[in-house]
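Student: I would like to learn how to read a metal site and its surroundings in a model of this kind. Could we work through one together?

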Amino acid sequence: MAVPFLKNQSLLAPYMQLDQRGKVQAEYIWIDGDGEIRSKTTTLDSKPKAVSDLKEWNFDGSSTNQAPGDNSDIYLRPAAIYPDPFRGGDNIIVLAECWNNDGTPNKTNHRANCVKVMKQAEKEKPWFGIEQEYTLFDIDDKPYGWPKGGFPGPQGPYYCGVGAGKVYARDIIEAHYRACMYAGVEISGINAEVMPSQWEFQVGPCEGIKMGDDMVMARFLLTRVAEEWGVKVSLHPKAVPGDWNGAGCHTNYSTESMRQKGGMKAIEAAIEKLSKRHAEHIAVYGTDNDQRLTGKHETGHIGSFSSGVANRGASIRIPRHVAAQGYGYLEDRRPASNIDPYQVTDIMVTTTLLM
Ligand code: ADP
Ligand code: MN
Ligand code: MN
Ligand code: MN
């Protein structure tokens with residue numbers, strides 16, 4: 001059995017309390033060629049007041065599946081600053097966009113286009129709330145806490161479960177929740193999911209580009225927190241094959257018109273537009289999503305578009321309370337847990353407001 005490398009809190013603590021002599025640590029993070037997050041640190045002479053105070057940096061893209069070896073430099077362009085919950089004090093995490101040498105966005109940089117789209121649609125103040133489902137695995141790639149060589153009892157007691165044998169890894173989830181709050185990520189809740197060792201956190205409502213930014217940051221914080229417990233985070237939409245729930249990223253969406261009295265008209269108009277571009281949406285709603293959108297386990301089938309009030313087997317659900325009050329938001333249940341949130345928020349706004 002592999003042994004996870006865990007940090008030794010008591011050995012580390014005195015060093016983390018040492019005076020930084022006015023210097024600041026900036027952890028730059030970015031999305032790599034496989035959709036995973038990478039990071040590296042640089043020292044700053046003082047705390048930056050704005051993104052524009054930060055340097056454009058670079059890294060070896062041939063080591064991250066982002067560039068060929070003979071033209072490997074990828075540029076890191078700072079996009080947003082977050083307080084660093086791991087190092088504390090004035091230290092920061094810098095969310096960065098990846099740019100190629102020739103001035104084009106790197107293939108992993110879907111933020112650049114999303115910024116443009118959100119700018120074009122800013123009058124309608126698009127809000128998003130994403131429910132990120134994920135699965136925890138131990139260092140040997142077995143679902144975390146599952147009996148070795150066997151399976152836990154069937155699904156039923158685990159969703160929003162409380163108590164030993166129903167809930168796994170609550171300490172990781174609590175640490176992540178607080179780390180998000182400290183960093184200023186708009187985290188709005190957590191719950192244990194239907195499959196044991198599967199969890200969900202929600203981020204939102206966030207306006208425009210902040211949805212993608214806060215989601216990438218929340219994922220980074222989760223992966224980084226779980227690293228300290230020697231636990232792996234999987235965003236695969238069907239992390240365990242068989243009669244176990246898949247994992248999604250339900251994307252809740254509203255515009256100014258939808259949020260006002262009589263907004264149901266705008267919600268219905270948006271659903272009508274979404275129904276005409278099902279295939280285009282599915283194309284950016286995550287890889288291996290066909291393993292999840294089977295029409296079973298609270299999903300609509302990947303091959304067809306459907307919508308309904310309070311219907312968890314549909315592509316789009318109008319929450320019951322939204323239908324009752326006549327305005328609010330819609331929930332797109334199709335996006336998989338491994339989506340790029342910039343691509344998803346981009347196409348939702350493009351389809352409903354810009355076409
Ligand atoms: P579910 O019942 O589908 O599990 P959750 O409570 O997990 O729903 O998530 C609902 C999400 O919807 C939250 O992230 C919340 O921030 C978001 N949300 C609430 N109101 C709006 C709105 N007007 N526009 C967009 N998102 C919203
Ligand atoms: Mn939810
Ligand atoms: Mn859920
Ligand atoms: Mn949902």
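**Reading a strand, then the metals**

Tutor: Let us begin with strand S10 of this predicted model, which is mostly covered, since six of its six residues are buried.

Student: Which residues point one way from S10, and which the other way?

Tutor: In a regular strand the side chains alternate between the two faces of the sheet. Here Cys249, Thr251 and Tyr253 point one way from S10, while His250, Asn252 and Ser254 point the other way, and all of these residues are buried.

Student: In what sense does S10 pair with S6 and with S13?

Tutor: S6 and S10 pair in the antiparallel sense over six bridges, and S10 and S13 also pair in the antiparallel sense, over three bridges. Asparagine 252 of S10 appears in both pairings, as the bridge partner of glycine 129 and as a residue whose own bridge partner, in S13, is glutamate 331.

Student: Which residues coordinate the manganese ion (ligand 4)?

Tutor: A useful habit is to list the donor atoms and then to place them along the chain. The manganese ion (ligand 4) is coordinated by Glu131, which is listed twice through OE, by His250 through ND1 and by Glu331 through OE, at 2.0 to 2.5 Å. Along the chain these donors follow the spacing E-x118-H-x80-E. Histidine 250 in strand S10 and glutamate 331 in strand S13 are 81 residues apart, and the pair links distant parts of the chain; both residues are buried.

Student: Which residues coordinate the manganese ion (ligand 3), and at what distances?

Tutor: The manganese ion (ligand 3) is coordinated by the OE atoms of Glu133, Glu193 and Glu200, at 2.1 to 2.2 Å, with the spacing E-x59-E-x6-E. Glutamate 133 lies in strand S6 and glutamate 193 in the loop between strand S7 and strand S8, 60 residues apart, so that this pair too links distant parts of the chain. Glutamate 133 and glutamate 193 are buried.

Student: Which residues coordinate the manganese ion (ligand 2)?

Tutor: The manganese ion (ligand 2) is coordinated by Glu131 and Glu200 through OE, at 2.2 to 2.3 Å. Glutamate 131 lies in strand S6 and glutamate 200 in strand S8, so the pair ties together parts that are 69 residues apart in sequence, and both glutamates are buried. It also helps to look for residues shared between ions: glutamate 131 bridges ligand 4 and ligand 2, which lie 4.0 Å apart, whereas glutamate 200 bridges ligand 3 and ligand 2, which lie 3.9 Å apart.

Student: Which residues come nearest to ligand 1?

Tutor: Of the 17 residues around ligand 1, those that come nearest are Glu131, Glu200, Gly204, Ser254 and Glu331. Polar side-chain atoms lie 3.1 Å from an oxygen atom of ligand 1 in the case of glutamate 131, 3.0 Å in the case of glutamate 200 and 3.4 Å in the case of asparagine 252. The protein covers 76% of the 590 Å² of accessible area that ligand 1 has on its own. S6, S8 and S10 are the elements that give two or more residues to the shell, and S8 supplies the largest share, five residues.

Student: Where does UniProt place the feature "domain: GS catalytic"?

Tutor: The unreviewed UniProt entry places that feature at residues 110–355. Over those residues the chain is 34% helix and 18% strand, and the end C-alpha atoms are 20 Å apart.

Conventions: Residues numbered from 1 in each chain as written. Chains lettered and ligands numbered in written order. Predicted model: local features only at pLDDT ≥ 70, side-chain atom pairs only at ≥ 80, totals over all residues. Heavy atoms only, no water. Donors = N, O, S within 2.8 Å, 3.2 Å for Na, K, Ca; no water. Helix = DSSP H or I, 4+ residues; strand = E, 2+ residues; numbered from the N terminus. Buried < 20%, exposed > 50% of the residue type's maximum accessible area, 1.4 Å probe, protein only. UniProt positions renumbered as here; feature names shortened; annotations may be inferred. Pairing = 2+ DSSP bridges. Near = heavy atom within 4 Å. Polar contact = N/O pair within 3.5 Å; in protein donor to acceptor, adjacent residues only side chain to side chain. Areas by Shrake-Rupley, 256 points an atom, 1.4 Å probe, with all protein chains shown as cover.
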